[in-house]
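Visitor: I would like to learn how to read a model like this one. Where do we start?

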Amino acid sequence: MTEAEALQFAQKHIETWNSHDLDAIIQLYSESVELISPLAAALRGSPVVKGHDALREYFGLGLQKYPNLCFELVNTFLCDSSVTLLFKGAGKRLVAEVLFIDAAHKVERVYAHYLCASPPR
């Protein structure tokens, strides 16, 4: 993936999420997708989500819990087989998602990282 393709991918990803169209969102991901997220643990009881059906359930719960969800892209990082999106998510909390992309430009694996609270001083 080139830098231009990564930037285009990031923009499409954010725009699709902000549409709240669950079918369109699911189409961003491969059928065998694996997602790991602390938010998934909070909403589903497990941080690991595998496959389209489980992903649809999880994302559906997330869209219900955050009906005004609007991602704001902060930056895009490119590696050999992945793109990392830094964005503001629910409650404007910073999130970094490492998205591993397959040959069809679908997301096949996701590691979602949430900004830690500041340590006490």
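Guide: Start with a pocket. This is a predicted model. About 190 Å³ of space lies in its second largest pocket.

Visitor: How does one find such space at all?

Guide: Rolling a probe the size of a water molecule over the atoms shows where empty space is left. Then list the lining.

Visitor: Which residues line the second largest pocket?

Guide: Glu5, Gln8, Phe9, Lys12 and His13 are among them. So are Ala24, Gln27, Leu28, His105 and Lys106. Helix α1 gives the largest share, five residues.

Visitor: How does the lining of the second largest pocket divide by class?

Guide: Three residues are nonpolar, four are polar and three are charged.

Visitor: His105 is in that lining. Where does His105 lie in the fold?

Guide: In the loop between β5 and β6. Now look at the backbone. Most residues other than glycine have a negative phi, and most peptide bonds are trans. His105 has a positive phi, near 65°.

Visitor: Is His105 buried or exposed?

Guide: Neither label fits. The relative accessible area of His105 is 40%, so His105 counts as partly exposed. The buried class ends under 20%, and the exposed class begins over 50%.

Visitor: Which other residue should I check for phi?

Guide: Lys92. Its phi is positive too, about 65°, and Lys92 is not a glycine. Lys92 sits in the loop between β4 and β5.

Visitor: Now the largest pocket. How much space lies there?

Guide: About 400 Å³. The lining has 24 residues, and the closest to the centre are Leu39, Tyr58, Phe71, Glu97 and Tyr114.

Visitor: Which elements supply the lining of the largest pocket?

Guide: α1, β1, α3, α4, β5 and β6 each supply at least two residues. The largest share is from α4, with four residues.

Visitor: What classes of residue make up the lining of the largest pocket?

Guide: The lining holds 18 nonpolar residues, four polar and two charged.

Visitor: Tyr58 and Tyr114 are close to the centre of that pocket. What does Ser37 touch?

Guide: Both of those tyrosines, and also Pro47 and Ala112. That list leaves out residues up to four places away in sequence. Ser37 itself is in the loop between β1 and α3.

Visitor: Why is Ser37 classed as buried?

Guide: Because its relative accessible area is 2%. The cut-off for buried is under 20%.

Visitor: Next, the sheet. In what order do the strands run?

Guide: Read across the sheet, strand by strand. The order is β2-β1-β6-β5-β4-β3. These six strands form an open sheet with mixed pairing. At the edges are β2 (48-50) and β3 (72-78), and each of these pairs on one side only. From one strand to the next, the twist averages 20°.

Visitor: How many bridges join β5 to β6?

Guide: Seven. Strand β5 covers residues 94-101, strand β6 covers residues 107-114, and the two run antiparallel. For one facing position, take Phe100: Arg109 in β6 stands opposite.

Visitor: Which strands does helix α1 touch?

Guide: Helix α1, residues 3-19, packs on the sheet and touches β1, β3, β4, β5 and β6. The direction of α1 makes about 150° with that of β3.

Visitor: And where does helix α4 lie?

Guide: Across β1 and β2. Helix α4 spans residues 51-65 and runs at about 55° to β1.

Definitions and conventions: Residues numbered from 1 in each chain as written. Predicted model: local features only at pLDDT ≥ 70, side-chain atom pairs only at ≥ 80, totals over all residues. Heavy atoms only, no water. Pairing = 2+ DSSP bridges. Axes fitted to C-alpha atoms, helices over the stretch in contact; angles between N-to-C directions. Contact = heavy atoms within 4.5 Å. 1 Å grid on protein atoms, 1.4 Å probe; cavity = no way out; pocket = protein on both sides within 12 Å on 5 of 7 lines; lining within 4 Å. Points joined across faces, edges and corners; volume = space filled by probe spheres on them. Nonpolar A, V, L, I, M, F, W, Y, C, P; charged D, E, K, R; others polar. Buried < 20%, exposed > 50% of the residue type's maximum accessible area, 1.4 Å probe, protein only.
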